[in-house]
Amino acid sequence: PRWSSSRRLAPHRAKLGLSAAAYGKLVDMSGATIYLWEQGKSRPNAEQLQRLAAVRLLSRRAALERAGS
């Protein structure tokens, strides 16, 4: 999955029902970093893209459990 587009991150996060901070926990980043990616003000590097791709494979329930929500 391609995550270079900031347009894909926010809808996926909303689908999972996670805040930027909770989503950040899943990829070992801050909520502020997630927000900057969503706004297109910053872009994830290759390692971060791999983490994002792994989160995309999680079910909503698994994502919520891992994020501690």
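Trainee: How many salt bridges does the count come to?

Mentor: The count comes to 3 salt bridges. The rule asks for a side-chain nitrogen of Lys or Arg within 4 Å of a carboxyl oxygen of Asp or Glu. This is a predicted model, where local features need pLDDT of at least 70, side-chain atom pairs need 80 or more, and totals for chains, interfaces and linings use all residues. Side-chain values use heavy atoms, without hydrogens or water, and residues are numbered from 1 along each chain.

Trainee: What makes E38 and R13 a salt bridge?

Mentor: Their N to O distance is 2.6 Å. The limit is 4 Å, so the pair qualifies. E38 lies in helix α3 (residues 31-38) and R13 in helix α1, so the bridge ties together parts 25 residues apart in sequence. Helices here are DSSP runs (H or I, at least four residues), numbered from the N terminus.

Trainee: Are E38 and R13 buried or exposed?

Mentor: Both are buried. Buried means under 20% relative accessible area, exposed over 50%, partly exposed in between (1.4 Å probe, protein chains only).

Trainee: Why is E47 called partly exposed?

Mentor: E47 has a relative accessible area of 46%. That lies between 20% and 50%, so the label fits. E47 pairs with R51, with the closest N and O atoms 2.3 Å apart. R51, at 23%, is also partly exposed.

Trainee: Where do R61 and E65 lie?

Mentor: Both lie in helix α5 (residues 60-67), 4 residues apart, about one turn of the helix. Their closest N and O atoms are 3.3 Å apart. Both residues are exposed.

Key:
Helices (H or I, at least four residues) and strands (E, at least two) are DSSP runs, numbered from the N terminus.
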